[in-house]
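Colleague: I've got the model open and I keep tripping over the labels. Can we go through what stands behind them?

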Amino acid sequence: MSRELKYYTLEEVSRHNKATDCWLILYDKVYDVTSFVNDHPGGVNLIVDNSGKDATEVFESVGHTKALLTTILAADACIGHLHPDDRRKPSTPQSAAKSAASVRTAEEDKSPAKVLEVGTTEETVPELDKFINVYDFEKYAPLKMTKQGLAYYSSGKGVIFFKIVNQNIKIKVDVTTVDMRTKILGFESSCPIYLSATALGKLAHDDGELAIARAAYNSGVIQMIPTLGSYSLEEICNARVDKTSQVQFFQLYVNANRELTRKLVKTAEAHGCKALFITVDAPQLARRERDMRFKVNTNPANVQSNQSSSNGSTQQGFSKALSSFIDPSLQWKDIAWFQSITNMKIVLKGIQCAEDALLAVKHGVDGIVLSNHGGRQLDTSRSSIEVLVEVMDALKRARVDDRIEVYVDGGIRRGTDIFKALALGAKAVGIGRPMLWGLACHGQPGVQKVIDLLKAELESTMRLMGTPTLAAIRKDMLVVDDISHHVTFVPTNELASQVYTPLKPLTSKM
Ligand code: HEM
Ligand SMILES: Cc1cc2nc3c(=O)[nH]c(=O)nc-3n(C[C@H](O)[C@H](O)[C@H](O)COP(=O)(O)O)c2cc1C
């Protein structure tokens, strides 16, 4: 039964402007966020500074949209409507000035990041047909992103990826045709790549996850929708080009409020999502230093100390508070509950060792993603590809490798990377940042181009390795002895260690 919501004046709302009593006006509704404010991953102060007034503009300027409100906040957080007479009007000249100032800061942060760290200083993004590999997109994406967006997207401290392919080319195989079609959890995909969940897609492009949904369809790959999308789950599902044939998966951050989680899972299923990817590597969001540095430089008050501030907030300082919106108490026994509330396939995203892979089989999940969250969670964690070797060995030894699908993500930038993951036993690979760079540079066509380029590289690798089908790719085509010595850091800004000629906009002068 829906509650009757009260009307509040701006004057009434303005009295609730501290961490211990914190109201926000968002989209002409009044939210009491007191119980959430200390959990906010963006820090207490960003919310408190905007409390007691209309925060819609600032809220949207950081890539947040309406969708986040229903995903993260309990239903009773929305306590009323803003009185119609007060809509879009600042309460006092002082608060109007303050509000304008905070929006102005946000506006300044919206200026392009313009970080072209290697080589040239071009300021325009070249036309799409000039891009020849994923690194081209990495180079130009900052031109289309705000400083804040770039800091958020590029946080992560290194994903290492295995580099050696055996040169033993199979010249006797006919590789005229190469077939890379596959099935992921039984659903068809034009290649062994899926688009992994990344939060706040609007920071890259206004169409955010909607553009990704359309690009996924056009490229014949599957999109994993994030819990923390800029658009709502419903909007992203409705962006499917073909409502009957296009497959989407849903990534879930398990909320400590299980009723909220249950509703979200049900909504995903009702909107046609076919699998639930439960993220298990984020009981707290980690210290993402680029992001933190950006905040220190732009608003030191947010990250200074661990003392209580004058407005009653508990400063988070440099450590992130445990959040209720990602449940740190998630355990193996909870898997049965998920299995009882949904018919979607269940996959655990963020497995990092053989022991957990075996437990995943024991608990009857359909798949696991070996992932270190793109290097954004536990610092110095092993690369997924190293873990893949250990996991496949353990699954084979226990004779259960046919009972679960294994995917891998983190640092996939080349067709050769995909080839190596498949050779070591992965069913498919996920991509995160390459998709976001494509989105930032050229929106939906940019994402499609990133997938096209990876497919073209994989096709070429398969042909050169004498493997016309995915089934022909084998582990003995790689040098895997002492695998931890064959790795290199990938997501640097060093443009593939400068082994390619950087794209220049004026090709006629090259
Ligand atoms: C009122 C103004 C608000 C501002 C200025 C603001 C700002 C920010 C910023 C800058 C981040 C970046 C995150 C990071 O450092 O990792 C962030 C993250 C986040 N915010 Fe807010 N926020 C506001 C309100 C809210 C509200 C009301 C909610 C809940 C409905 C919310 C939910 C989140 C979540 C879930 C994230 C994490 C996204 C992720 O890292 O994946 N925010 N916020
Ligand atoms: C900006 C950004 C946001 C992300 N947000 C989420 C998220 O909300 N949930 C999640 O499970 N993984 C998230 N990830 C991790 C990706 O799903 C994926 O594991 C990772 O990006 C793969 O590494 P790659 O970026 O090197 O391809 C995020 C990654 C990035 C770069």
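Colleague: How many aromatic pairs does the structure hold?

Modeller: The structure holds 10 aromatic pairs. Rings of Phe, Tyr and Trp (its six-membered ring) count as a pair if their centres lie within 6.5 Å. Before we go on: this is a predicted model, where local features need pLDDT of at least 70 and side-chain atom pairs count only at pLDDT 80 or more, while totals for chains, interfaces and linings use all residues. Residues are numbered from 1 along each chain as its sequence is written, chains are lettered from A and ligands numbered from 1 in the order in which they are written, and side-chain values use heavy atoms, with hydrogens and water left out.

Colleague: What makes the pair of Y27 and F59 edge-to-face?

Modeller: The planes of Y27 and F59 stand at 80 degrees, with 6.2 Å centre to centre. Planes under 30 degrees apart are called stacked, over 60 edge-to-face, and the rest tilted. With 80 degrees between the planes, Y27 and F59 are therefore edge-to-face.

Colleague: Why say that this pair ties together parts of the chain?

Modeller: Y27 is in the loop between β3 (21-26) and β4 (29-32), and F59 is in helix α3 (residues 56-61), so the pair ties together parts that are 32 residues apart in sequence. Helices here are DSSP runs (H or I, at least four residues), strands are too (E, at least two), and both are numbered from the N terminus.

Colleague: How do you know that F59 is buried?

Modeller: The relative accessible area of F59 is 13%. Buried means under 20%, exposed over 50%, and partly exposed in between, using a 1.4 Å probe and protein chains only. So F59 is buried.

Colleague: And why is the pair of Y194 and F277 called tilted?

Modeller: Y194 and F277 have 45 degrees between their planes and sit 6.2 Å centre to centre, so the pair falls in the tilted class. Y194 is in strand β9 (residues 193-195) and F277 in strand β12 (residues 275-279), 83 residues apart, so this pair links distant parts of the chain. Y194 counts as buried at 1% relative accessibility, and F277 is buried at 0%. Both also belong to one aromatic cluster, formed by F187, Y194, F249, F277 and Y407.

Colleague: On to the helices. What makes α8 roughly parallel to α16?

Modeller: Helix α8 (residues 208-219) and helix α16 (residues 433-464) pack at an angle of about 20 degrees, with axes 10 Å apart. Axes are lines fitted to C-alpha atoms, for helices over the stretch in contact, and angles run from 0 to 180 degrees between N-to-C directions. Under 35 degrees is roughly parallel, over 145 roughly antiparallel, 65 to 115 roughly perpendicular, and the rest oblique. That puts α8 roughly parallel to α16. The residues of their contact divide into 7 nonpolar, 5 polar and 2 charged.

Colleague: Why are α10 and α12 oblique to each other, then?

Modeller: The axes of helix α10 (residues 258-270) and helix α12 (residues 334-341) come within 10 Å and cross at roughly 45 degrees. That angle is in none of the named ranges, so α10 and α12 are oblique. In α10, R258, T261, R262, V265, K266 and E269 meet D334, W337, F338 and I341 of α12, where contact means heavy atoms within 4.5 Å. These residues divide into 4 nonpolar, 1 polar and 5 charged. For that split, Ala, Val, Leu, Ile, Met, Phe, Trp, Tyr, Cys and Pro are nonpolar, Asp, Glu, Lys and Arg are charged, and the others, Gly among them, are polar.

Colleague: Where is D28, and what is its phi?

Modeller: D28 is in the loop between β3 and β4, and its phi is near 65 degrees, a positive value in a residue other than glycine. Most residues other than glycine have a negative phi. D28 counts as buried at 18% relative accessibility.

Colleague: Is R399 buried or exposed?

Modeller: At 72% relative accessibility, R399 counts as exposed. R399 is in the loop between α14 (384-397) and β15 (405-409), with a positive phi near 55 degrees.

Colleague: Which residues does A77 touch?

Modeller: Not counting residues up to four places away in sequence, A77 touches V30, Y31 and D32. A77 is buried, with a relative accessible area of 8%.
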